[in-house]
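Q: I'm new to this one and would like to learn how to read it. Could you walk me through it?

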Amino acid sequence: MDLDVYVTAHRAEWERLDHLLRRGGKLTGAEADELVSLYQRAATHLSIVQSSAPDPMLTARLTQLVARARATVTGTRRSSWRDAARFLTAGFPAAVYRSRHWWVPTAVLSTLLAVLIGWWIGTHPEVQAAIGAPADLREMTRPGGQYETYYSSNPAASFAAQVWTNNAQAAAMCLVLGAFLGIPVLWILFVNMLNVGVGIGLMSSAGRLDVFLGLILPHGLLELTAVFVAAGTGLRLGWTVIDPGPTTRRAALAERGRAAVGMAIGLALVLFVSGLIEGFVTPSGLPTWARITIGVAAELLFLAYVYVLGGRAARAGEQGDLEEADRSAQFPTAA
């Protein structure tokens with residue numbers, strides 16, 4: 001494409017759009033319609049210039065012009081409680097539901113890995129010896145040992161806050177680092193499953209697996225589900241780098257990235273609930289069956305939230321992204 005010829009052909013439209021924008025609210029109905037039409041055409045021109053003949057100065061000029069026109073056409077909008085309600089009742093659960101084909105297999109494979117590690121450690125004394133001295137392992141797994149006292153080692157409120165912060169950071173890392181082809185996400189997952197597997201193996205070798213499960217299941221079901229959702233979303237983001245689908249890589253990453261940011265906020269709330277359970281329910285004097293029942297109930301409520309509320313929102317077209325009016329306009333790029 002001859003850039004000089006293209007600029008000459010469309011300069012008058014850009015100048016006319018700039019003139020209308022400078023007039024602000026003093027436009028007639030016909031001029032307002034003209035502004036909208038010129039804005040759409042300028043956005044298309046910007047897309048063509050970026051894809052066919054990228055020129056830094058022209059691109060910057062058109063980008064600024066299109067941004068000004070878009071702000072005038074769409075207006076400004078402040079966030080409100082309605083946005084928060086929409087996010088919690090539609091945006092977040094729909095985003096989790098739409099990424100289920102990533103996080104559900106992630107959850108299954110990760111759980112199998114933890115069980116396999118636990119079986120390997122529990123049935124191989126030489127592996128246990130490599131983990132720690134026999135006396136240290138007995139101290140960890142005995143009644144009243146470190147595995148049991150861990151959950152009551154600090155006041156419940158501060159312990160819950162600490163757990164929530166650590167888990168929220170792990171989930172955020174999965175979401176953010178997913179753009180690096182998902183490789184860091186796999187490492188974070190492995191470390192988490194290794195820790196669970198070590199606990200299973202050591203406690204089962206001491207004949208106290210039931211105690212370990214009674215301690216980890218109340219909060220662990222919801223906590224690990226949140227981690228699996230974050231990891232699955234991170235892996236999906238990494239795959240978008242490789243295969244962006246029918247849109248451009250930049251547009252696909254922008255959409256997935258915005259959804260991941262929203263997912264981080266939503267998962268922080270989910271992990272806050274699991275942190276409360278871990279801080280107040282897990283070390284409580286409730287019977288084991290009661291503590292596990294609370295954990296199972298929290299997990300089932302979250303799954304119902306995702307599959308019922310999120311599924312309904314997703315089928316209605318909710319993407320878990322910004323509202324359409326708040327997104328950058330997308331126009332076809334030249335071949």
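A: Happily! Let's begin with a term: a contact means heavy atoms within 4.5 Å. Keep in mind that this is a predicted model.

Q: Among contacts between residues at least 6 apart in sequence, what share joins residues at least 24 apart?
A: In the protein chain, that share is 78%.

Q: What does the secondary structure of the protein chain come to?
A: There are 13 helices and zero strands. Reading along the sequence gives the pattern α-α-α-α-α-α-α-α-α-α-α-α-α.

Q: How many of the residues are buried, as a percentage?
A: A residue is called buried when its relative accessible area is under 20%. Here, 39% of the 335 residues in the protein chain are buried.

Q: And what about the area that the protein chain exposes?
A: The exposed area is about 18000 Å², and 65% of it is supplied by carbon and sulfur atoms.

Q: Which residues make the nonpolar surface patch?
A: Val104, Val108, Leu109, Leu112, Tyr307 and Val308 form this patch of about 530 Å². Two elements each give two or more residues to the patch: helix 5 (100-122) and helix 13 (288-315).

Q: Which element gives the largest share of the nonpolar patch?
A: Helix 5 does, with four residues.

Q: Let's take one residue from the patch. Where is Leu112 found, and why does Leu112 count as exposed?
A: Leu112 sits in helix 5. The cut-off for exposed is over 50% relative accessible area. Leu112 counts as exposed because its relative accessibility is 53%.

How values were computed
Residues are numbered from 1 along each chain as its sequence is written. This is a predicted model: local features need pLDDT of at least 70, side-chain atom pairs count only at pLDDT 80 or more; totals for chains, interfaces and linings use all residues. Side-chain values use heavy atoms; hydrogens and water are left out. Buried means under 20% relative accessible area, exposed over 50%, partly exposed in between (1.4 Å probe, protein chains only). Accessible areas come from the Shrake-Rupley method with a 1.4 Å probe; for residues, only the protein chains shown count as cover. Patches are made of residues with over 30% relative accessible area and no salt bridge: like charges are joined within 9 Å, nonpolar side chains (Val, Leu, Ile, Met, Phe, Trp, Tyr) within 5 Å. A salt bridge is a side-chain nitrogen of Lys or Arg within 4 Å of a carboxyl oxygen of Asp or Glu.
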